[in-house]
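Colleague: I've got a new model open on my screen and I'd like to learn how to read it. Could you walk me through it?

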Amino acid sequence: MKATAGYSAAQIALHWLIAGGVLFNYVMSDGMGRALHQARAGQEVTAAGVAPHVLVGMVLVVLVIARIGLRLWRGAPAAGPGLRGLVARVTHGLLYLLILLVPVLGALAWFAGAPTGGPHGALSNLLVLVAAAHVLAALWHHLVLKDGAMRRMLRPR
């Protein structure tokens, strides 16, 4: 992957759409386990957020695939040297993996009857923790290091 000075407008838009979708689905996840059990038992599903949660999850898969493709095609700013750069690369890789894996596991549980509801929920929690670490790192770059790293995700280059 080639290194660039910043992110394109499309990369930035996808970043924020995905972040918003992950946050939305995490907040709207209450009752999904109960709804899954109701659906599997042939009962009427009572959780109000089921349709939006499922729809946003499916959209997230498409958006993250587009984001990965765009990153491979357009490139991204190089991670810093040493341990800090390694942590950044591992964190970004883990975010991409989890953002893909969590909705796929949810779809398998919901549509295919696969027993993945537990892993879906556990990995959702891990995704939110890794995303929170990502946010804290961005704030650290912005407020402590003042190196402009966070501005790269706010202004296209």
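What follows is a chat about this predicted model, one question at a time.

Colleague: Let's start simple. How many helices and how many strands does the protein chain have?
Modeller: Read along the sequence, the pattern goes α-α-α-α-α. That fits the tally for the protein chain, which is 5 helices and 0 strands.

Colleague: And what does the C-alpha trace span along its principal axes?
Modeller: The protein chain has 157 residues, and 35% of them count as buried. Along the principal axes, its C-alpha trace spans about 55 × 30 × 25 Å.

Colleague: What percentage of the contacts with a separation of 6 or more comes from residues 24 or more positions apart?
Modeller: One pair shows the idea: L123 and V102 are 21 residues apart in sequence, yet their C-alpha atoms are 6.2 Å apart in space. That pair doesn't reach the 24 positions you asked about. For residues that do, the share in the protein chain is 76%.

Colleague: Now the inside. Which residues touch the most other members of the largest nonpolar core?
Modeller: In soluble globular proteins, nonpolar side chains tend to be buried together. Here the largest such core has 15 residues, and helix 1, helix 3, helix 4 and helix 5 each supply at least two of them. The members touching the most others are I18, V22, L60, V64, L95, I99 and L127.

Colleague: Take V22, then. Which residues is it in contact with, leaving aside neighbours within four places in sequence?
Modeller: V22 falls within the 9-27 stretch of helix 1, and is one of those well-connected core members. With the close sequence neighbours set aside, its partners are L60, I99 and L127.

Colleague: I spotted H120 in the model. Is H120 buried or exposed?
Modeller: H120 lies in helix 5. Its relative accessibility is 17%, and the cut-off for buried is under 20%. So H120 counts as buried.

Colleague: Which residue's backbone oxygen lies 2.6 Å from a polar atom of the H120 side chain?
Modeller: Not counting residues up to four places away in sequence, H120 touches H53, V102, L105 and G106. G106 offers its backbone nitrogen, 3.3 Å from a polar atom of the H120 side chain. The backbone oxygen at 2.6 Å belongs to V102.

Colleague: L123 is in helix 5 too. Which residues does L123 contact, leaving aside neighbours within four places in sequence?
Modeller: V102 turns up again, as a contact of L123 and of H120. L105 also touches H120 and L123. The full list for L123 is L98, L101, V102 and L105.

Colleague: What about empty space? Which helix gives the most to the lining of the largest pocket?
Modeller: Rolling a probe the size of a water molecule over the atoms shows where empty space is left. The largest pocket has a volume of about 1400 Å³ and is lined by 48 residues, with H15, H92, L95, H134 and A138 nearest its centre. Helix 1, helix 3, helix 4 and helix 5 each give two or more residues to that lining. With 12 residues, the top contributor is helix 5.

Colleague: Last one: is K146 buried or exposed?
Modeller: K146 lies in the segment after helix 5, and has a positive phi of about 50° although it isn't a glycine. Its relative accessible area is 63%, while the cut-off for exposed is over 50%. So K146 is exposed.

Technical notes
Residues numbered from 1 in each chain as written. Predicted model: local features only at pLDDT ≥ 70, side-chain atom pairs only at ≥ 80, totals over all residues. Heavy atoms only, no water. Core = buried A, V, L, I, M, F, W, Y, C linked by side-chain atoms within 4.5 Å. Buried < 20%, exposed > 50% of the residue type's maximum accessible area, 1.4 Å probe, protein only. Helix = DSSP H or I, 4+ residues; strand = E, 2+ residues; numbered from the N terminus. Contact = heavy atoms within 4.5 Å. Polar contact = N/O pair within 3.5 Å; in protein donor to acceptor, adjacent residues only side chain to side chain. 1 Å grid on protein atoms, 1.4 Å probe; cavity = no way out; pocket = protein on both sides within 12 Å on 5 of 7 lines; lining within 4 Å. Points joined across faces, edges and corners; volume = space filled by probe spheres on them.
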